[in-house]
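Reader: I should like to discuss this model and the terms used to describe it. Please set each value against its definition.

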Amino acid sequence: MPTLYYSPGAASMVVHWLLIELGLPYELKLVDTSTGAQKAPEYLALNPNGVVPTLVLDGQPMFEAAALLMTLADRHAEAGLAPAPGSPLRAHYHQWMFHLANAVQPLFRLWWYPHEPAGDGQADVVRTRTAPRIEAAWARLDAHLAANGPYLLGETLSAADFYLAMLMRWSRNMPKPATDWPHLAALAQQMKARPSFAALYAREGLTDWT
Ligand SMILES: N[C@@H](CCC(=O)N[C@@H](CS)C(=O)NCC(=O)O)C(=O)O
């Protein structure tokens, strides 16, 4: 059975969500990031990056949320959350997964950890420069959904939509959250209406952005 090392609402959330959506049995292990448990030697032995998530699959600890999503979706192809290799949508799926992982999620790292690139005392500057970049990402994604939605792959729901929903949730307390854009808001509604979302919220003890 896979074991997910998680912290409520963190990047582990989308991996947890997919495990539930796919109906897989799994074990959950809380990593208390408020006490720095993600930097403890026993956790670093599993994930030397010192972040969540880690998913132990077939006895092997694996990291990177996007890669974990893609692995789970491919292993459970019957759920249809990853277009089949070689199908026309597969390339688009790769594009959006990599775009979210490389161009959008790192902006949230800047937003939540502004001291990392600029040192203590520069948080306001980093955040002031990061918010418009996140908003620009929402604008581009919204334009894509307007022309090609309702999901990132058109009529086809995929793991990328779960990932986008988690990233949208992270913006909920920002000056301009993702849901200020109408097509993103519609996608968020669709994703929140899934029974797996309610189950995820119950298991992680989450209450906001419902
Ligand atoms: N690229 C990694 C990023 C993971 C990440 O930054 N996780 C954050 C929570 S959202 C974390 O563990 N932060 C604690 C820390 O950096 O010490 C992934 O997607 O798995």
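**The ligand and its surroundings**

Author: The ligand is surrounded by 13 residues, the closest being Gln38, Lys39, Glu64, Arg109 and Tyr113; a residue counts as near if one of its heavy atoms lies within 4 Å of the molecule. This is a predicted model, in which local features need pLDDT of at least 70 and side-chain atom pairs pLDDT 80 or more, whereas totals for chains, interfaces and linings use all residues. Residues are numbered from 1 along each chain as its sequence is written, and side-chain values use heavy atoms, without hydrogens and water.

Reader: What makes the approach of Gln38 to an oxygen atom of the ligand a polar contact?

Author: A polar side-chain atom of Gln38 lies 2.7 Å from an oxygen atom of the ligand. A polar contact is a pair of N or O atoms within 3.5 Å, so the Gln38 pair qualifies. Val52 contributes a backbone N or O atom 2.9 Å from a ligand oxygen, and an N or O atom in the side chain of Glu64 is 2.7 Å from a ligand nitrogen. Of the 510 Å² that the ligand exposes when taken alone, the protein buries 84%, by the Shrake-Rupley method with a 1.4 Å probe.

Reader: Which pocket does the ligand sit in?

Author: The ligand sits in the largest pocket, which means that more than half of its atoms lie within 2 Å of the pocket's grid points.

**Aromatic pairs**

Reader: Why is the pair of Phe108 and Trp170 called edge-to-face?

Author: The structure holds seven aromatic pairs. In one of them, Phe108 and Trp170 are 5.7 Å apart centre to centre, with 70° between the planes. Rings of Phe, Tyr and Trp (its six-membered ring) pair if their centres lie within 6.5 Å; planes under 30 degrees apart count as stacked, over 60 as edge-to-face and the rest as tilted. The pair therefore meets both the distance and the edge-to-face criteria. Phe108 belongs to helix 4 (residues 88-112) and Trp170 to helix 7 (residues 159-170), 62 residues apart.

**Backbone features**

Reader: What makes the bond between Val52 and Pro53 noteworthy?

Author: The peptide bond joining Val52 and Pro53 is cis, with omega about 10°. Pro53 lies in the loop between helix 2 (41-44) and strand 3 (54-57). Another cis peptide bond, also with omega about 10°, joins Gly149 and Pro150. Most peptide bonds are trans, and most residues other than glycine have a negative phi.

Reader: What is the phi of Asp58?

Author: Phi of Asp58 is near 50°, a positive value in a residue other than glycine. Asp58 is in the loop between strand 3 and strand 4 (60-63).

Terms used:
A polar contact is a pair of N or O atoms within 3.5 Å; within protein, one must be able to donate a hydrogen and the other to accept it, and residues adjacent in sequence count only if both atoms are side-chain atoms. On a 1 Å grid over the protein atoms alone, a cavity is a set of points where a 1.4 Å probe fits but cannot get out, and a pocket is an open set with protein on both sides within 12 Å along at least five of seven lines; lining residues have an atom within 4 Å of a point. Helices (H or I, at least four residues) and strands (E, at least two) are DSSP runs, numbered from the N terminus.
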